[in-house]
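Hi,

Here is the two-chain model I said I would pass on. Have a look at it first, and my notes follow underneath.

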Amino acid sequence: MNEIAVSIFLIMGSVFMLLGTIGILRMPDLFMRMSTTTKAATLGTALILSAAAIYFSNIAVTSKVIATIIFVLLTAPISAHMIGRAAYINRIPLWKNSVIDELSGHYDFTTHKLESCEDEHPEEDLL
Amino acid sequence: MSFFELSLVICLTLLTISMVLSLIRLIIGPSLPDRIISLEIMTFMIIGIVGVYSIMTGEKSFLDVAVIISLISFVATIAFAYYLERRTQR
């Protein structure tokens, strides 16, 4: 019974990993590719590690696995955000059929600051 | 061969195929951030392979390697992102 659960978790995790990698190979755009790595690969890692936790049934292994899963869940979105921001500042092109670029005109490409409006001195409007 | 051992072999095969596919993206990737995210997904796959291998051999201490690899992968990705951002300032 225990081994069947471990097998199901392992196969599900590796299938999610494979889906994430097919996404990274087939998606037309850097930003779409990044979404597959942060979702599918994180879920696959979490499933495979929890399979190890079920297999050993040990409190030390389980706490180690929970710490690793929480760390991966916290850091994968942060690193994806950092790379996406750096890629946008580097002017990596979007896909040619992209509908909207909501960040266009809001980034100052010399100071790397994100502006919420294009008004240069918004405090003058309040006076 | 029982279902359990077969599932271990299937899992390792799928992870190896994924690694080869992400290696293709690492080689043909048109820009530097493509290569960085391909390296990042490779480290996730290495964590998975370490987990499967520790189940296969019954050795618990291999899971420490998975913790360390996840830490190093985060730091490496953040460093690459800083490098990418600073590269445009010049």
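**The core and what surrounds it**

Keep in mind that this is a predicted model. The largest nonpolar core has 46 residues, and L10(A), A51(A), A52(A) and I83(A) are the ones with the most contacts inside it. The elements that give two or more residues to this core come from both chains: α1 (2-26), α2 and α3 of chain A, and α1 (3-28), α2 and α3 of chain B. The largest share is that of α2(A), with 13 residues.

If you want one residue to click on, try A52(A), which is among those with the most contacts inside the core. Leaving out residues up to four places away in sequence, A52(A) touches V61(A) and V65(A) in chain A, and G51(B), S54(B), I55(B) and L63(B) in chain B.

**Chain A**

Chain A has 3 helices and 0 strands, so from the N terminus on its elements simply read α-α-α. The radius of gyration of chain A is 21 Å, whereas the globule rule gives 14 Å for 127 residues, so chain A is more spread out than a compact globule. Along the principal axes, the C-alpha trace of chain A spans about 70 × 35 × 20 Å. Of its 127 residues, 35% count as buried. If you take the contacts in chain A between residues at least 6 apart in sequence, 55% of them join residues at least 24 apart.

The helix I spent some time on is α3(A), residues 59-89. It has 31 residues and reaches 45 Å from first C-alpha to last, close to the 45 Å expected at 1.5 Å a residue. Which residues of α3(A) are buried? Going along the helix, they are K64(A), V65(A), T68(A), V72(A), A76(A), S79(A), A80(A), I83(A), G84(A), A86(A) and A87(A). These buried residues pack against α2 (30-56) of chain A, and also against α2 (32-57) and α3 (63-87) of chain B. Two of them turned up above: I83(A) is one of the residues with the most contacts inside the core, and V65(A) is touched by A52(A).

I66(A) also lies in helix α3 of chain A. Is I66(A) buried or partly exposed? It counts as partly exposed, because it has 13 C-beta neighbours inside 10 Å. For a distance along the helix, the C-alpha atoms of I66(A) and A80(A) are separated by 22 Å, with the two residues 14 apart along the chain. After α3(A) comes R91(A), whose phi is positive, near 60 degrees.

**Chain B**

Chain B also has 3 helices and 0 strands, and its elements run α-α-α from the N terminus on. The radius of gyration of chain B is 16 Å, while a compact globule of 90 residues would have one near 12 Å. Its C-alpha trace spans about 60 × 30 × 10 Å along the principal axes. Buried residues make up 39% of the 90 residues in chain B. Among the contacts in chain B with a separation of 6 or more, residues 24 or more positions apart account for 43%.

Two of its helices can be checked for length. The 26 residues of α1(B) should span 38 Å at 1.5 Å a residue, and the end C-alpha atoms are 38 Å apart, which agrees. The 26 residues of α2(B) should also span 38 Å, and the end C-alpha atoms there are 37 Å apart, which agrees too. Just after α2(B), G58(B) takes a positive phi of about 75 degrees.

In α1(B), the buried residues are S7(B), L8(B), C11(B), L14(B), L15(B), S18(B), L21(B), S22(B) and R25(B). What covers them includes α1 of chain A and α2 of chain B.

**Where the chains meet**

The contact takes 46 residues from chain A and 42 residues from chain B. On the side of chain B that touches chain A, α1, α2 and α3 of chain B each supply at least two residues. Which of them gives the most? That is α2(B), with 15 residues. By type, the residues on this side of chain B divide into 26 nonpolar, 11 polar and 5 charged.

Cheers

Definitions and conventions
Residues numbered from 1 in each chain as written. Chains lettered and ligands numbered in written order. Predicted model: local features only at pLDDT ≥ 70, side-chain atom pairs only at ≥ 80, totals over all residues. Helix = DSSP H or I, 4+ residues; strand = E, 2+ residues; numbered from the N terminus. Expected span 1.5 Å × (residues − 1). Buried ≥ 20, exposed ≤ 12 C-beta atoms within 10 Å, placed from the backbone. Contact = placed C-beta atoms within 7 Å. Core = buried A, V, L, I, M, F, W, Y, C linked by C-beta atoms within 7 Å. Rg over C-alpha atoms; globule rule 2.2 N^0.38 Å. Nonpolar A, V, L, I, M, F, W, Y, C, P; charged D, E, K, R; others polar.
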